[in-house]
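Please report on the salt bridges, the sheet and the empty spaces of this model. Keep the cut-offs explicit.

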Amino acid sequence: MATSDTTAFNLDLNGLVEEAFERCGTELRTGYDLKTARRSLNLLTIDWANRGINLWTIEEGSIPMVLGTATYDLPVDTIDLLEHQIRTGTGSSQQDLTISRISVSTYATIPAKNNTGRPVQVWINRQSGATNSSGVVQNPTINVWPTPDQSNFYTFVYFRMRRMQDAGTGVTTPDIPFRMLPCLVAGLAYYLSLKIPDATSRIPMLKQEYEEQWLIASSEDREKAPLRLAPREFLY
């Protein structure tokens, strides 16, 4: 028999929820069932963000530095920065130079925060992204030191981990690679079992299945580059 010649299998929201309900020993019957499952699915993807680096959510970005300006907004859906450099110049004269990440305590103890020069340190202020009572969005920010001593020369370049997209409506597919689908379904089934009275006896089994699927998926979702360790030289 011939193969299908297709590699496009995916599950939309309705398919995900139906599979998860079936693992709980029940069926998707009402609009509220879909609503509560969508809420659980959004909480599940937030749990994934807390569990580690999701490679498919890594994006590159850049921020032009301005003379005398220390603080710059990051995109509101930024979870954290993974890598960052200061880029000088453009084209063939471009160079990416190291900028070290520091803690809020270290940044707070810098006595002359308005000193100018090439930025060599950055504190990442991981704000919530929520909108406060005054209508101001609490964007995550970077705070560099020294402040740039010129405009149109320094660029802060970074790789960030962004927030996964919401579950959406019944016709949308999840913002994940296909290889994460078994883990997503297992996690949703476990979350739903905590809310379905008739599924309480399945909670231990569904939780174990979710953790096993997470271990498999997260072990595959990693960098495959070789790791090289070298001793650090100290000068006395």
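A salt bridge here is a side-chain nitrogen of Lys or Arg within 4 Å of a carboxyl oxygen of Asp or Glu. By that criterion, the whole structure contains 14 salt bridges. This is a predicted model: local features need pLDDT of at least 70, side-chain atom pairs count only at pLDDT 80 or more, and totals for chains, interfaces and linings use all residues. Residues are numbered from 1 along each chain as its sequence is written, and side-chain values use heavy atoms, with hydrogens and water left out.

## Salt bridges

Side chains of opposite charge can pair when their charged atoms come close. Three pairs are listed here with their N to O separations.

| Salt bridge | N to O separation |
|---|---|
| Asp47 and Arg51 | 2.8 Å |
| Glu211 and Arg51 | 3.0 Å |
| Lys224 and Glu220 | 3.6 Å |

Helices (H or I, at least four residues) and strands (E, at least two) are DSSP runs, numbered from the N terminus. Asp47 and Arg51 are four residues apart in helix H2, so about one helical turn separates them. Glu211 forms a salt bridge with Arg51 as well. That pair links distant parts of the chain: Glu211 sits in helix H5 (residues 203-220), Arg51 in helix H2, 160 residues apart.

How covered are these side chains? Buried means under 20% relative accessible area, exposed over 50%, and partly exposed in between (1.4 Å probe, protein chains only). Asp47 has 19% relative accessibility, so Asp47 counts as buried. Arg51 is partly exposed at 31%. Glu211 is partly exposed too, at 29%. In the third pair, Lys224 is exposed at 53%, while Glu220 is partly exposed at 37%.

Salt bridges also form a network. Its members are Glu59, Asp77, Arg160, Arg162 and Asp175.

## The sheet

Strands of a sheet pair through backbone hydrogen bonds, either parallel or antiparallel. Two strands count as paired if DSSP finds at least two bridges between them. Four strands build an open sheet here, in the order E2-E8-E7-E5, with mixed pairing. Strand E2 (71-73) and strand E5 (100-102) are the edges; each has a single partner strand, so one side of each lacks a neighbour in the sheet. On average, neighbouring strands of this sheet are turned by 30° against each other, direction ignored. For this angle, axes are lines fitted to C-alpha atoms, for helices over the stretch in contact, and angles run from 0 to 180 degrees between N-to-C directions.

Which strands does E8 pair with in the antiparallel sense? E2 and strand E8 (residues 141-145) do so over three bridges. Strand E7 (residues 121-125) and E8 also run antiparallel, joined by five bridges. Residue partners can be named. Thr71 has Asn143 in E8 as its bridge partner. Asp73 stands opposite Thr141 in E8. Val122 stands opposite Val144 in E8. E8 is mostly covered, with four of its five residues buried.

## Cavity and pocket

Rolling a probe the size of a water molecule over the atoms shows where empty space is left. On a 1 Å grid over the protein atoms alone, a cavity is a set of points where a 1.4 Å probe fits but cannot get out; a pocket is an open set with protein on both sides within 12 Å along at least five of seven lines; lining residues have an atom within 4 Å of a point. Grid points are joined across faces, edges and corners, and a volume is the space filled by probe spheres set on the points.

The structure holds one cavity of 30 Å³ or more. The largest cavity has a volume of about 90 Å³. Its lining includes Leu41, Asn42, Thr45, Met164 and Asp175. Helix H2 (residues 31-51) gives the largest share of this lining, three residues. Ala, Val, Leu, Ile, Met, Phe, Trp, Tyr, Cys and Pro count as nonpolar, Asp, Glu, Lys and Arg as charged, and the others, Gly among them, as polar. The cavity lining divides into six nonpolar, three polar and two charged residues.

The largest pocket has a volume of about 390 Å³. It is lined by 15 residues, of which Asp77, Thr78, Ile79, Ser128 and Arg163 lie nearest its centre. H2 and strand E3 (78-88) are the elements that give two or more residues to this lining. H2 gives the most, with four residues. The pocket lining divides into six nonpolar, six polar and three charged residues.
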